[in-house]
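User: Please choose one part of this model and look at it closely, then follow its connections outward into the rest of the chain. I would like a single connected account, with each term explained where it comes up.

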Amino acid sequence: MSEKYMFENRPISGMTWNDLQEAACHGALVCTKERDVEKAGPVYKLRDPCSEEVCYVFTDEAEQFSNPYRTADEAAEMSHKYADEL
């Protein structure tokens, strides 16, 4: 079964990362480490246990989530770009 992107029909705002982090901290989203990214923050898969929708985020140097991405590869690429800009 193909995974459905959590934000297919929802807008991403400037605070979406915070909403995702809060939901993961309170158990409303299942958060699993997908992979480590060399010289950058790791990528996590977030899954809604009710709808099975997913998205991927990376964490920054303060362990805060990024805004969501469709794939782990996209999140890893953006994590590298973010780290390069520091």
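Analyst: **Helix α2 and its surroundings**

The buried residues of α2 pack against three strands, namely β1 (30–35), β2 and β3, where packing means contact between heavy atoms within 4.5 Å, and buried means under 20% relative accessible area, with exposed over 50% and partly exposed in between (1.4 Å probe, protein chains only). This is a predicted model, in which local features need pLDDT of at least 70 and side-chain atom pairs count only at pLDDT 80 or more, while totals for chains, interfaces and linings use all residues. Residues are numbered from 1 along each chain as its sequence is written, and side-chain values use heavy atoms, with hydrogens and water left out.

Helix α2 covers residues 72–85; helices (H or I, at least four residues) and strands (E, at least two) are DSSP runs, numbered from the N terminus. From its first C-alpha to its last, this helix of 14 residues reaches 20 Å, close to the 20 Å expected at 1.5 Å a residue, the expected span being 1.5 Å times one less than the number of residues. The buried residues in α2 are Ala 72, Ala 75, Ala 76 and Ser 79. Because these four cover an arc of only 100° around the axis, they lie on the same side of α2; the arc is that of the directions from the helix axis to the C-beta atoms. On the face of α2 turned away from that buried side are the exposed residues Asp 73, Asp 84 and Glu 85.

Two of the buried alanines lead into the interior: Ala 75 and Ala 76 belong, with Val 37 and Phe 58, to a core of nine residues that is separate from the largest one. A nonpolar core is a set of buried Ala, Val, Leu, Ile, Met, Phe, Trp, Tyr and Cys residues joined through side-chain atoms within 4.5 Å. The largest such core has eleven residues, among them Phe 7, Leu 20, Leu 46 and Cys 55, and the elements that give two or more residues to this core are α1 (16–25), β2 (43–47) and β3 (54–58). Leaving aside residues up to four places away in sequence, Phe 7 touches Ile 12, Thr 16, Leu 20, Cys 55 and Pro 68.

The loop that leads from β3 to α2 holds Arg 70, which forms a salt bridge with Glu 8, the closest N and O atoms being 2.8 Å apart. Since Glu 8 lies in the segment before α1, the pair ties together parts that are 62 residues apart in sequence. A salt bridge is a side-chain nitrogen of Lys or Arg within 4 Å of a carboxyl oxygen of Asp or Glu, and by this rule the count comes to eight. Arg 70 is partly exposed at 43% relative accessible area, and Glu 8 is partly exposed at 39%. Two other salt bridges join Asp 36 to Lys 33 (2.8 Å, N to O) and Arg 47 to Glu 52 (3.1 Å, N to O). Asp 36 is exposed at 57% relative accessibility, whereas Lys 33 is partly exposed at 47%. Lys 4, Arg 10 and Glu 53 are linked in a network of salt bridges.

As for confidence, α2 has the lowest mean pLDDT among the elements of the chain (95), and β2 the highest (98), where pLDDT is the predictor's confidence in each residue, from 0 to 100. Across the whole protein chain the mean pLDDT is 94, and 98% of the residues reach 70 or more.
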